[in-house]
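Trainee: Could you take me through one part of this model slowly? I'd like to see how its charged side chains pair up.

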Amino acid sequence: MRHVAVRFLVAVVVVVAAVGLHADGPATPRQVAASAARHVVKIYGAGGVRGLEAYQSGIILSPDGRIATVMSTVLDADDIECVLDDGRRFAATLVGVDPRRELAVLSIEATDLPACDVEAGRAGPGTRAMAISNLFGVAVGDERASVQRGVIAAVVPLEARRGAAEAPYAGDVYVLDFTTNNPGSPGGALVDARGRLLGMLGKELRSTASGIWLNYALPADELVAGCQEIVSGRVATTTGPTAAPFDLRALGLVLVPDLLGRTPPFVETVVPGSPAEQAGLRPDDLVVAVGARAVASRHALEMAVGSIVAGDPVRIAVIRDGRVVDCELGPRPEEARP
Amino acid sequence: MVLACSLSPAAAAPVPIDPSVLEAEQTMVEAIGRATPSTVAIFAGDSGGGSGVLLTRDGYAVTNFHVVQPAGVAMTCGLPDGHLYDAVLVGVDPTGDLALIKLLGRDEFPCAAVANSDGVEVGDACFTAGNPFLLGTDLQPSISVGIVSGVHRYQFPAGTILEYTDCLQVDAAINPGNSGGGLFDAEGRLIGINGRASFEKRGRVNVGVGYAISTNQVRHFMGVLRAGRICDHATLGATVATSADGRVVVSDILESSDAWRRGLRYDDEIVSLAGRAVRTGNAFKNVLGTLPAGWQVPVVIRSGGRRRELVVRLASVHSAADLKGLAAEPEPEGRRPDPTPRELPAAVRGLVEQRQGFANAHFNRVERDRVAASIAAARDAGPTGPWLLEGRLGTGEAFRIELTDHAATIDIPTGTSTLVTSDDFDRQPVPPGSGGLLPALVLWRRLVLEGPAALGHTIYWGTAPRDPTAFQVGTPSDMVDVLESSVSGVELHTFIDGSGRVVAVDLWTQPGTDPCEVRMAWAEGAPLGSLPTRIEARRGGDEFATFLIGPVPAEMGP
């Protein structure tokens, strides 16, 4: 089943690239905007508290309802809803996530959807682009997602930002010269002047050093590779809609339930014989850091552990009886599924 | 040193540029050149300032309510010609965030070419011209280029004011100070008035998401703004909800509303409003938000499986007292309001009149005088003394109406009615069932012969569509001037076309009820000043009678 889906994704990339909008010569910006906006969906899920929006954007990858989006707290909901460009509403299920690229694939029960036309190659600096997203939740129902225009300013590794901005992904991104990464924008489409998909708008990312917000998109090749890995099950994959990006149970760590958006990461129980027990972790420990990264919530802890490359050691600092205790859990397991 | 290197001959080798790029650049430069002269920089001293756009040769400029609110009635404006001009507040629309000001001190001002904002589509090139961060101390506008990101957008109000409906969303930079300035299309024609942006967590600087009030909304409000009024927005008297199957249905309705009297009920589907199809709650609010209170608009509904076309009179969102409070100058924070009124500049003195319900009642007088002159000019050739209207009803029977200064008589098959002008008209709503046709005709004659001054307390109300049944948002329609009078115990609206003809009268003998609606029509080529050839009288959506005026053919005589 998974292999069929993988082949299908590849087929989309090749076939659509051959019969896209550009086959008939240059299109007007009106045509490109109208055509490309059909591939962008509005996604509604968890959130709505200060600083955390309950909505984002997604891109229709296949006519049978595969939708790519950014892995975020919005997807931590029992009910995820996708609203298409034509106003149709669908309940979505989470197929899986790629914690490294902060990517998620959703699935909706639909057929004959307007799947997007993917540009397989990398675009260079100076490429004109349009960004289409559900920014600020301005558009509702059948109202078209918002369209912005600018150019790709640079193609650089996001790793250059590490330490300054919190992102597990360290590969190339398109840095954009226009303000694309707004609340609700993550998961939106970046298209070229002919409407072909160049990439997917990333999350809101701010330099902790300079306070500057970064506008960037994940290039299409990375997007497709990540989606293929998710669909094929080569990365942390879950079937339930409340999937966490990384299942801490693989380390033998059971935390208190994530009832609030910012539940502190208290240890509830430690699985006997697990790496967590061997490292000396105990119930009621409060996890405060993973490696050098401070974690204030259960969600942040999952994200931090999820971004550790499989095979690398997991180091966790906890507070116990008012003192910080360092614990070494050994290498992160390859397969995180239970 | 670096500069010197870059200027060396080797580095100065010409870069080949596609001629189409240079051409596109030149086109944009020319469009900006066309839009620049009408761009106003508004300076309001300590109260900040903003931008504006000149719309008429005689100096009327539109801006945002939130720009003029702290400025008060007088402000200083700069134009790109390098001169400063005094300006005076004319009218405000707190809900729609619009304001009209008049620049002074020049016979003829440059003004913007205005495009139909409903012709704008997502992806269209656009640019803003204005005074962001009040940088325009040299009076030259700042320009930001972008594209239209969304059309027919809805942005929630702050309380009950500053609601952006059916607005344009653009990625051209709109920053504090751009407020009130123009959004122009690729040809340099005005398509919107910039006034709002989504900021949220990044502070008050543009993040590629700004909003402009559509020029179509501005067009709808020009008349009521020119009246010097504190304008109000409209409500249908009903709220709507989107049903599970995607229909917009009435979820609540006031039984005192005109919509209720026209037959709108709970769970009725709103199919279209003012000529535009309504499929979402936002679409409903978008249409409604572009319309002034008091207009009549067509509403198509589906009720019990049956499609019906109504014409509904829109009510005000606010009470008069609420509106006055909303329009008031905010009290400066942290210090007591200055009890001594600000000294007005010499040019503005004499152009300001404070009166209840008005931003500046002086301009109401100006417009009322203009309409009075227009009526007087049309009167010259017309009949004086008693007016005799004779002919046949639409149903075939003969009628006779006589109107004099002191009395009026109507003879129709259902009987003869008489009105005496010495008694209050609200006690004489004759003929029975008309809601006051005879008082309406007597006052119509008085307005034509003696002008607005003879109609008791009369103000200039603004403008309204000449034919509400045909009105469509997004399509320019024929507008007429409206006077509002209170006389002899009745309230009336009289409608005057561009040639000075009084083409319609709505008369209320009791507030909150259906008025008697009288509509006059003239045969093609009828001389100005002649009596109409057709008069329709309606009440509450039902026809009372149609009077076809003319000699009664002998063979059809009584």
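Trainee: Which side chain meets that of Glu367(B) in a salt bridge, and how many Å is it from N to O?

Mentor: Before we zoom in, some ground rules: this is a predicted model, local features need pLDDT of at least 70, side-chain atom pairs count only at pLDDT 80 or more, and totals for chains, interfaces and linings use all residues. Residues are numbered from 1 along each chain as its sequence is written, chains are lettered from A and ligands numbered from 1 in the order in which they are written, and side-chain values use heavy atoms, with hydrogens and water left out.

Now, your pair. The partner of Glu367(B) is Arg226(B), at 3.5 Å from N to O. That makes it a salt bridge (a side-chain nitrogen of Lys or Arg within 4 Å of a carboxyl oxygen of Asp or Glu). Look at where the two sit: Glu367(B) is in helix α8 (residues 362-379) of chain B, while Arg226(B) is in helix α4 (residues 215-226), and the two residues are 141 apart along the chain. Helices (H or I, at least four residues) and strands (E, at least two) are DSSP runs, numbered from the N terminus. Both Glu367(B) and Arg226(B) are buried. Buried means under 20% relative accessible area, exposed over 50% and partly exposed in between, using a 1.4 Å probe and protein chains only.

Stay on helix α8, as it has another pair for you. Arg370(B) bridges to Asp481(B), with their closest N and O atoms 3.0 Å apart. Since Arg370(B) is in helix α8 and Asp481(B) in strand β26 (residues 479-487) of chain B, this bridge ties together parts 111 residues apart in sequence. Asp481(B) is buried at 11% relative accessible area, whereas Arg370(B), at 38%, counts as partly exposed.

Next, follow the charges to a domain boundary. An automatic or database assignment splits chain B into domain 1 (23-233 + 317-328), domain 2 (234-316) and domain 3 (372-556). The C-alpha centres of domains 2 and 3 of chain B are 29 Å apart. In their contact (heavy atoms within 4.5 Å), 17 residues come from domain 2 and 20 residues from domain 3. Together they bury about 1300 Å², with carbon and sulfur atoms giving 55% of that. Buried area here is the accessible area (1.4 Å probe) that two parts lose on being put together, summed over both. On the domain 2 side, Trp295(B), Gln296(B) and Arg313(B) supply 42% of the buried area, more than any other three residues there.

Four salt bridges cross between domain 2 and domain 3 of chain B. For a clear pair to click on, try Arg261(B) and Asp514(B), which meet at 2.8 Å from N to O. Three elements each supply at least two residues to the side of domain 2 that touches domain 3: α5 (258-261), β18 (296-303) and β19 (306-313) of chain B. Of that side, β18(B) gives the largest share, three residues.

Remember Arg313(B), one of the three residues in that 42%? Arg313(B) also belongs to a salt-bridge network with Asp506(B), Glu517(B), Arg519(B), Arg534(B), Glu536(B) and Arg538(B).

Finally, step back to the whole structure, where a search finds 43 salt bridges over all chains. Two of the bridges found cross between chain A and chain B, and Glu121(B) meets Arg30(A) in a salt bridge, at 3.2 Å from N to O.
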